[in-house]
Amino acid sequence: MLGFLTRRLGAILPTLVLVSMLIFGLQQLLPGDPAKILAGEEQDPTVIAYLHQKLHLDEPLPVRYAYWIGGVLRGDLGESVRNQQPVLDLVLQKLPVTVELAILAMAVAVLVGVPAGIAAAVGRGTAWDAAANAFALWGLSTPNFWLGILLILLFSVQLGWLPASGYVSPFEDLGANLAAMVMPAFVLGNALAAVLMRHTRSAMLQVLSADYIRTARSKGLREAPVVLKHALRNALVPVVTLGALEFGTLLSGAVLTEQVFTIPGFGKLIVDAVFNRDYAVVQGVVLVTATTYIALNLVADLAYFALNPRLRG
Amino acid sequence: MPRRLRLFALPALLLALLPLAASAQTLRVGLAEDPDVLDPTLARSFVGRVVFAGLCDKLFDIDEKLQIVPQLATGYEWSADSKALTLKIRPGVTFHDGEKLDAAAVKFNIERHKTMAGSNRRGELAPVSTVDVVDPQTVRINLSAPFSPLLAALTDRAGMMVSPKAAQAEGDKFGTKPVCSGPFRFVERVAQDRIVLEKYAGYWNKDQVHFDKIVYTPIPDATVRLANLRSGQLDFIERVASSDMEKLKGDKKLKTARITEIGYQGLTINVGKSEKAQQNPLGKDARVREALELSIDRQGLVQVVMDNEAQVGNQWVAPSNAWYAKNVPIPRRDIQRAKALLKEAGVPNPSFTMVAPTTSDAQRLAVVIQAMARDAGFDIKIQAAEFATSLNMADKGDYEAYVLAWSGRPDPDGNLFSFHGCKQPLNYAGYCDAETDKLLAQSRATRDPAERKKVFEQIAAKVLKERPVIYLYHRNWLWAYNAKLAGVRGLPDGLLRVTGLKMAP
């Protein structure tokens with residue numbers, strides 16, 4: 001366990017360095033001069049020249065990387081050129097919002113997807129299975145923004161039950177926070193629920209046909225403990241991996257949902273930053289996302305240990 | 001389904017209590033984008049100007065007819081040689097931090113616009129050489145050359161006054177905590193979420209302020225913005241999708257307004273920006289450009305692309321504008337004549353690539369032009385490019401034709417000079433003509449409107465014949481708002497004025 005952990009941790013640092021270089025390098029491939037975008041409609045040449053100098057745009061790439069990474073190591077992610085706010089503040093302001101959305105969406109996905117997957121596997125070929133598969137197909141093929149807008153039209157415009165958009169901090173007003181998050185969490189979790197259902201179903205089917213399950217059944221165990229205790233535990237390993245990876249995807253992939261419900265989260269932050277060529281913000285956000293991904297993978301690896309005794313040796 | 005409804009019931013109940021908690025005196029405005037930096041000197045976005053309309057007063061304002069009216073300046077006088085403008089400053093005006101707004105503050109602000117690193121106002125105030133404080137309420141702006149568009153520039157960000165004390169204390173971070181002298185003062189900003197302003201008790205015109213608070217919320221998607229208005233979460237939204245206007249007609253709870261913009265939608269053609277201009281018949285031969293214009297049915301274009309929410313035009317200002325040059329009317333579509341011109345130019349089937357930004361309007365426009373021009377024999381290829389990329393291509397002259405819009409300025413000079421003056425920053429067409437340059441300079445030096453109009457007519461006759469830009473139409477600013485909101489003024493700059501706005505009980 002310890003050896004495994006050291007190996008994993010040891011790999012993190014070089015990965016992060018590589019990621020930071022990639023982020024920086026790829027960003028430079030974006031076409032268009034950021035100074036020109038920032039100079040706005042007027043395109044005043046003095047302003048463009050000033051921005052070139054301010055953002056070190058005329059310096060060679062390695063020098064610019066050094067400026068940035070030096071700042072990052074000192075805990076300074078730079079400043080948004082568009083609205084002058086420090087990137088770190090923006091990240092700290094937006095990250096909790098998206099994390100909350102992702103957690104709620106994950107809760108929706110797990111609470112719907114895993115039981116549906118179990119039901120579909122146990123009742124293979126029955127109406128349950130067909131219903132769960134139909135749900136999965138629907139979940140995977142419904143575009144987020146479309147579902148989001150339909151929900152807004154129904155629950156906000158027609159019925160007036162839920163706010164159409166916006167975000168209220170849970171520390172300010174928990175009720176209003178949940179009211180604002182119900183629809184986005186459902187929309188974002190919906191597709192993931194379908195994915196989790198499919199994976200739980202196939203993993204369960206595989207495990208349920210394994211020898212040890214037959215043994216458990218022949219011991220005279222009732223079906224419930226066979227399914228929930230013996231089978232589910234092993235079937236969950238791939239599902240957990242997927243869940244951890246998908247959690248990262250939720251974080252960065254909440255973009256559309258955040259756009260539709262105007263939730264001021266991470267996704268909106270990065271999309272706007274890319275279009276505005278706000279390099280510092282893009283770099284900061286991607287770096288934080290990458291770090292989160294790596295951390296989540298580590299957590300997933302640790303979860304294997306808890307779930308699968310064979311790995312502990 | 002019933003179970004899910006129950007799940008929704010609790011938050012819904014909590015939510016129902018919300019409106020009681022929020023003050024009825026808050027005006028909630030939905031914006032189409034998140035504004036950039038809130039410093040009038042550095043600001044560059046249209047949407048930022050919507051917020052400034054509540055936050056920062058200007059020396060002058062415009063009225064419905066684009067006439068210049070007093071705001072912080074109560075009067076002005078030009079010197080006989082038109083090289084000095086003397087302004088009388090409204091007495092008793094204070095900034096949001098309580099500092100006095102006097103002639104010294106005006107001098108500070110104009111100098112800040114002129115000298116601050118990264119200032120976007122330098123171009124608008126280019127001919128301003130010095131500023132003199134004559135007495136505490138009088139300031140004189142001295143010019144290196146006569147410059148008639150100056151007053152119009154002072155109706156926009158160049159005329160916005162910020163507190164010198166706050167500006168000095170905050171330096172280039174001033175935009176995160178702006179201190180101006182408008183009807184509302186800055187409270188907080190959460191990027192991409194909200195900008196909150198509250199009523200300024202010391203405002204000089206506070207009788208006209210009927211809200212305690214304004215919350216501006218950026219919601220980029222037009223459908224979602226409208227849904228928020230319809231669900232009662234917003235009181236006012238800007239930039240309604242033109243396709244939604246028809247539906248809103250029947251909605252008794254909402255009102256709409258449409259204002260023809262002071263900008264334009266056009267097609268810029270590379271006539272001299274790079275070598276590419278000479279490699280293509282469109283850039284090389286004015287007859288080919290004329291044929292292209294004659295192949296376009298503007299009314300049809302507006303119908304298909306804009307759902308009729310635009311005014312057709314052929315100049316840098318709309319036909320309804322006082323500065324429109326009547327000597328060059330909108331040409332009708334004439335395929336026969338277009339074909340004849342192409343034949344005369346020796347290229348019956350010219351082919352070129354048209355760069356169009358990836359916005360849906362620009363893409364639709366490109367496709368419709370492509371189809372219309374085909375009737376005259378044109379073979380147009382459309383190249384979609386994200387805006388930043390397209391701007392770069394335009395600036396390098398790496399294009400043949402470019403779908404480009406301009407948000408417009410109150411004075412025609414702001415739609416004209418930088419686009420058609422030799423080597424000017426926005427002259428993507430690369431048009432350069434000594435005679436035009438002379439006329440442009442003359443239009444800046446002439447103050448008499450009738451004489452100035454004659455100069456514009458001469459410019460129109462020259463430029464519109466060469467067609468570095470084919471002007472197509474002027475979009476409508478489309479607004480929708482709560483029917484109880486009274487006092488909404490549709491001014492041509494498309495910015496919501498918050499003084500005089502009132503919510504009926």
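Let me begin with a single residue, N228(B), which, leaving aside residues up to four places away in sequence, touches A164(A) and S165(A) as well as G30(B), I219(B), Q233(B) and L234(B). I should say at once that this is a predicted model.

N228(B) sits in helix α6 of chain B, and it counts as buried because 25 other C-beta atoms lie within 10 Å, where the cut-off for that word is 20 or more. As for its partner G30(B), the two are 198 residues apart in sequence, yet their C-alpha atoms are 8.3 Å apart in space.

From there we can turn to the contact between the chains, which takes 42 residues from chain B and 49 residues from chain A. On the side of chain B that touches chain A, the elements giving two or more residues are α1 (2-21), α6 (222-230) and α13 (387-396) of chain B, and of these α1(B) gives the most, with 6 residues. Sorted by class, that side of chain B has 18 nonpolar, 15 polar and 9 charged residues.

My last topic is a sheet in chain B, an open one of 4 strands in the order β4-β5-β7-β6, with antiparallel pairing. Its edge strands, each pairing on one side only, are β4 (73-78) and β6 (128-135) of chain B, and the twist from one strand to the next averages 20°. β6(B) pairs with β7 (residues 138-143) of chain B in the antiparallel sense over 6 bridges, and D132(B) has R140(B) in β7(B) as its bridge partner. Helix α3 (residues 103-115) of chain B packs on this sheet, touching β5 (84-89), β6 and β7 of chain B, and its direction makes about 170° with that of β6(B).

Technical notes
Residues are numbered from 1 along each chain as its sequence is written. Chains are lettered from A and ligands numbered from 1 in the order in which they are written. This is a predicted model: local features need pLDDT of at least 70, side-chain atom pairs count only at pLDDT 80 or more; totals for chains, interfaces and linings use all residues. Two residues are in contact if their C-beta atoms, placed from the backbone, lie within 7 Å. Ala, Val, Leu, Ile, Met, Phe, Trp, Tyr, Cys and Pro count as nonpolar, Asp, Glu, Lys and Arg as charged, and the others, Gly among them, as polar. A residue is buried if 20 or more other C-beta atoms lie within 10 Å of its own, exposed if 12 or fewer, and partly exposed in between; C-beta atoms are placed from the backbone. Two strands pair if DSSP finds at least two bridges between them. Axes are lines fitted to C-alpha atoms, for helices over the stretch in contact, and angles run from 0 to 180 degrees between N-to-C directions.
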